Structures are given as structure tokens and as C-alpha cells.
Amino acid sequence: MKASFFENIYNHPKIKKEDYKNIIDAHTKVEFSKHEIILQESKISNAYFLIKKGLCRSFVIDYKGNEITTDFFGSNDILIEVASLFLRTPSKETIHAITDCEVYKIEFNDFQNLFNTIEGFTEWGRSWMSQQLFMAKHRAVRMHTQSASERYLNLVKDKPQIIKEVPLKHIATYLGITDTSLSRIRKEVVS
């Protein structure tokens with residue numbers, strides 16, 4: 001595995017070139033098959049994954065028993081259920097592979113070791129978590145301030161892989177709309 005993959009994901013000016021060997025060594029290559037469950041709701045997450053290739057989805061079951069997509073993860077993303085992993089609590093979400101995936105897994109204890117021994121990795125972790133909080137807040141605000149069409153167009157721009165490879169029903173729940181509304185929006189966008 002080339003260091004550049006890891007350097008791209010764990011990109012922080014305080015991480016020294018020589019630290020990347022320890023970071024890479026803490027990860028194990030894993031493959032998931034299409035539709036494979038990676039984390040089941042009510043289980044505690046013990047690892048996170050760097051996605052080399054493939055696409056994954058997290059979802060919850062709403063009070064009516066419907067699957068509601070909470071996020072998508074693609075190439076060069078970190079596949080993680082933050083609350084379960086870091087708070088050591090049962091996951092409220094299920095995560096599964098939408099396509100076949102090649103990922104690099106790091107166990108919670110190995111992450112903790114890197115976090116406590118590599119200053120640059122600690123700084124990267126703080127920066128990454130801040131960015132995730134910002135993105136979650138931004139998405140929550142968009143859900144209330146943008147039309148469904150605007151949310152769809154932002155998804156097309158920000159994550160085109162999702163539009164190409166994910167079933168419409170998952171995209172619709174992620175956008176907070178029905179399948180029928182999504183079909184109408186897609187027709188309007190094309191014309």
C-alpha cells in the first residue's frame with residue numbers, strides 16, 4: 001500500500017514523514033462484499049475504516065420501521081460511527097457496503113495508541129473531528145433552509161458517485177424526501 005493513500009487521509013502538517021510507517025502499520029486491509037453489514041445497530045463499534053474503493057451507507061430505522069439513510073461514504077472517506085466508537089456505546093445506526101469495498105481497518109486500541117504517541121496524529125484527530133462537526137451542522141441547516149431540489153443539486157455536485165451508484169430510495173431518504181419527489185426533481189433537472 002502506497003503511503004500517499006494514508007498521507008492523503010491523515011493529512012496534517014504536524015505529522016512527520018517518519019510517523020506514517022507507524023500509522024500505516026496500524027491498519028489492516030479488509031474487503032467487504034456488496035450488501036455486507038459492517039456495523040449492526042445495537043453493536044459497539046471497535047474500529048473505523050479508510051475506504052480505498054467502494055461505497056457504503058449508514059442508516060437508522062425510523063419510528064414507522066423505514067430505513068432512513070444518514071450518510072454515504074466513498075473512496076478516500078473515513079467510514080466511522082463516531083459516537084459508538086469513541087463513547088463505547090451501542091450504535092444507533094447500521095452500516096453496510098453498497099458495492100464491493102476495499103478498506104483499511106484500524107482497531108480502537110491501535111487508534112488510541114497512535115493518538116497518544118504521535119503528536120501530529122493527535123492534532124489531525126482534533127482537526128478532523130472539528131471538520132466533521134462543522135459538516136454535520138451544515139447539513140442540518142441545509143435540511144431546513146434549502147428546497148429538496150437544491151439539496152439534490154448539492155449532492156450531485158459534492159458526491160457524484162452516489163448519484164451514479166446508489167438506489168434512488170436511499171438517496172431520497174438521505175435528502176428527506178419521497179422516491180416520487182426525487183423522480184420529479186431529477187426530471188426537472190434534466191429538462
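## Strand β7 and its partners

Phe 59 has Thr 94 of β7 as its bridge partner. This pair is described from a predicted model. Ser 58, for its part, stands opposite Ile 95 in β7. The two strands concerned, β4 (residues 56–61) and β7 (residues 94–97), run antiparallel and are joined by four bridges.

Strand β7 also pairs with β2, again in the antiparallel sense, over two bridges. Here Leu 39 is the residue standing opposite Ile 95. Ile 95 of β7 thus faces Ser 58 as well as Leu 39. As for the side chains of β7, Thr 94 and His 96 point one way, while Ile 95 and Ala 97 point the other way. All of these residues are buried.

## The sheet as a whole

Strands of a sheet pair through backbone hydrogen bonds, in either a parallel or an antiparallel sense. In this model, four strands form an open sheet with antiparallel pairing, in the order β2-β7-β4-β5. The edges are occupied by β2 (37–39) and β5 (67–73); each has a single partner strand, so one side of each lacks a neighbour in the sheet. From one strand to the next, the twist averages 30°.

Helix α8 (residues 168–175) lies across β4 and β5. The helix runs at about 95° to β5.

## Helix α5

Helix α5 comprises 27 residues (residues 119–145). At 1.5 Å a residue, the helix should span 39 Å, and this agrees with its end C-alpha atoms, which are 39 Å apart.

The buried residues of α5 are Gly 120, Phe 121, Thr 122, Trp 124, Gly 125 and Trp 128.

## Arg 151 in helix α6

Arg 151 belongs to helix α6, which covers residues 148–158. Although buried, Arg 151 has no salt bridge. Its nearest side chain of opposite charge is that of Glu 150, 7.0 Å away, whereas a salt bridge would require a side-chain nitrogen of Lys or Arg within 4 Å of a carboxyl oxygen of Asp or Glu.

Which residues, then, is Arg 151 in contact with, leaving aside its neighbours within four places in sequence? They are Arg 142, Met 143, Gln 146, Leu 175, Gly 176 and Ile 177. Among them, Arg 142 and Met 143 fall within the residue range of α5, 119–145, and Leu 175 falls within that of α8, 168–175.

Terms used. Residues numbered from 1 in each chain as written. Predicted model: local features only at pLDDT ≥ 70, side-chain atom pairs only at ≥ 80, totals over all residues. Heavy atoms only, no water. Pairing = 2+ DSSP bridges. Axes fitted to C-alpha atoms, helices over the stretch in contact; angles between N-to-C directions. Contact = heavy atoms within 4.5 Å. Expected span 1.5 Å × (residues − 1). Buried < 20%, exposed > 50% of the residue type's maximum accessible area, 1.4 Å probe, protein only. Lys, Arg positive; Asp, Glu negative; His and termini not counted.
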